[in-house]
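Trainee: I should like a close look at a single part of this model, followed outward to whatever it adjoins. Could you take me through it step by step?

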Amino acid sequence: MELSITQPDDWHLHLRDGDLLEGVIPHSAKHFGRAIVMPNLKPPITTTAAALAYRESILKALPKDSSFTPLMTLYLTDMTSPDEIKRAKKSGAVYGVKLYPAGATTNSQDGVTDLFGKCFPVLEEMVEQDLPLLVHGEVTDPNVDIFDREKVYIETILVPLVQKLPQLKIVMEHITTMDAVKFVMSCKEGSVGATVTPQHLILNRNALFQGGLQPHNYCLPVLKREIHRQAIVSAVTSGSKRFFLGTDSAPHEKRKKECACGCAGIFNAPVALSVYAKVFEEAGALDKLEAFTSFNGSDFYGLPRNKSKLTLKKAPWKVPELLSFPFGDIVPMFAGGTLEWEVSLN
Ligand code: NCD
Ligand code: ZN
């Protein structure tokens, strides 16, 4: 069996910088036409100038003859100014502003502590400039159970935000719960959308502890119960335009995952399309796959759809155990496993 689809885009991707960037970028560039590139570097990409410089280094790291296009983002802080938002839009290279609640995830320590206070003029300017807010939707209060942090974020931040600024375009990134599905469905289509990762569609929280602690299944937001996974699968396979592909592929070196205090993040770029295809096939919804991978995201961002095509073939292939680079090793999602859909490049 073969499926020919419009080339997909990745609406949530961590490309890192330096050696790591050079090592991982071919894996995204091979399958995806464009990607929204996350700004959580050290130091974070908080200005348009930094975003443009980062864009140059991404283009330089690309394999020759690749037509992959990075779509840059700014990292929102309490100090971001409305003028920076104007510059970002004017640059033509920045497509969103990423909101990390301070302390929520990897390299989020410079994130937002006062969204409705210090950041509000910036949000208003984003409405003016038609730049979407890309949200890591988890509260950081250590007293809130880690499995409830998305739900509480929706109740305490996103619902009031949509009420106060209904014209603001929002992408709720990497949704993990039925609460997020309900929230997105309750908003106006075209004004609030959501990205969905391969891991949150195919794994539930048991995968963290299957036969022992599984650091390579650890990401943030953390995997949730099976009922939540099922709700997300139903949402994406329903054909709703509100949900689109965002891998959240987040490489960390093996030694930083397999240690006493391992990093959050799953490197899924090599397997993402195979996993999405499997999920849609199992739901009997392969006819809805292309809209999710290749139309809904570009339509939401107001960008043209890709013109080129890509073929998915039903043929088993083995995921490598390890990807080795001069700087170290990275363990991909489903390392050593067999997947049923193969991307065939034409
Ligand atoms: C991401 C990373 O490593 O940068 N990690 C993750 O678990 N997803 C950050 C993020 O998107 O939360
Ligand atoms: Zn991410």
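Mentor: In this predicted model, phenylalanine 334 is partly exposed, because its relative accessible area of 29% falls between the limits of 20% and 50%. Phenylalanine 334 belongs to the loop between β12 (328–330) and β13. Its backbone deserves attention: phi is positive, at about 60°, although the residue is not a glycine. Most residues other than glycine have a negative phi. Aspartate 130 may be set beside it, since that residue also has a positive phi, of about 55°, without being a glycine. Aspartate 130 is found in the loop between α4 (120–129) and β6 (133–135), and with a relative accessible area of 46% it too is classed as partly exposed.

Let us now follow the chain to the strand that borders the loop of phenylalanine 334. Strand β13 is part of an open sheet of three strands, ordered β1-β10-β13, with antiparallel pairing. Both β13 (338–344) and β1 (2–6) are edge strands, each of which pairs on one side only. On average, neighbouring strands of the sheet are turned by 35° against each other, direction ignored. Between β1 and β10 (residues 309–318) there are five bridges, in the antiparallel sense; in one of these pairs, threonine 6 has lysine 309 of β10 as its bridge partner.

Two helices accompany these strands. Helix α10 (residues 272–282) packs on the sheet and touches β10 and β13, and its direction makes about 110° with that of β13. Helix α11 (residues 289–301) lies across β1 and β10, and it runs at about 25° to β1.

The loop between α9 (254–257) and α10 holds asparagine 268, which gives us a path into the interior. Asparagine 268 is buried, since its relative accessible area is 0%, and the limit for that class is under 20%. Apart from neighbours within four places in sequence, asparagine 268 is in contact with Pro198, Gln199, Thr247, Asp248, Ser249 and Met333. With glutamine 199 there is a polar contact of 2.8 Å between the two side chains.

One of those contacts, Asp248, leads to the ligand. Ligand 1 is surrounded by 15 residues, of which the closest are Asn40, Thr105, Leu220, Asp248 and His252. The side chain of asparagine 40 has an N or O atom 2.8 Å from an oxygen atom of ligand 1. For the side chain of arginine 16, the distance from an N or O atom to a ligand oxygen is likewise 2.8 Å. Histidine 14 places a polar side-chain atom 3.1 Å from an oxygen atom of ligand 1. The protein covers 100% of the 320 Å² of accessible area that ligand 1 has on its own.

Leu220, named above among the closest residues to ligand 1, also opens a second topic in backbone geometry. Most peptide bonds are trans. The bond from leucine 220 to proline 221, however, is cis, with omega near -10°. Proline 221 lies in the loop between α7 (198–202) and α8. Another cis peptide bond joins lysine 42 to proline 43, with omega near -5°; proline 43 is in the loop between β3 (34–37) and α2 (48–61).

Methods. Residues are numbered from 1 along each chain as its sequence is written. Chains are lettered from A and ligands numbered from 1 in the order in which they are written. This is a predicted model: local features need pLDDT of at least 70, side-chain atom pairs count only at pLDDT 80 or more; totals for chains, interfaces and linings use all residues. Side-chain values use heavy atoms; hydrogens and water are left out. Two strands pair if DSSP finds at least two bridges between them. Helices (H or I, at least four residues) and strands (E, at least two) are DSSP runs, numbered from the N terminus. Axes are lines fitted to C-alpha atoms, for helices over the stretch in contact, and angles run from 0 to 180 degrees between N-to-C directions. Contact means heavy atoms within 4.5 Å. A residue is near a molecule or strand if one of its heavy atoms lies within 4 Å of it. A polar contact is a pair of N or O atoms within 3.5 Å; within protein, one must be able to donate a hydrogen and the other to accept it, and residues adjacent in sequence count only if both atoms are side-chain atoms. Accessible areas come from the Shrake-Rupley method with a 1.4 Å probe; for residues, only the protein chains shown count as cover. Buried means under 20% relative accessible area, exposed over 50%, partly exposed in between (1.4 Å probe, protein chains only).
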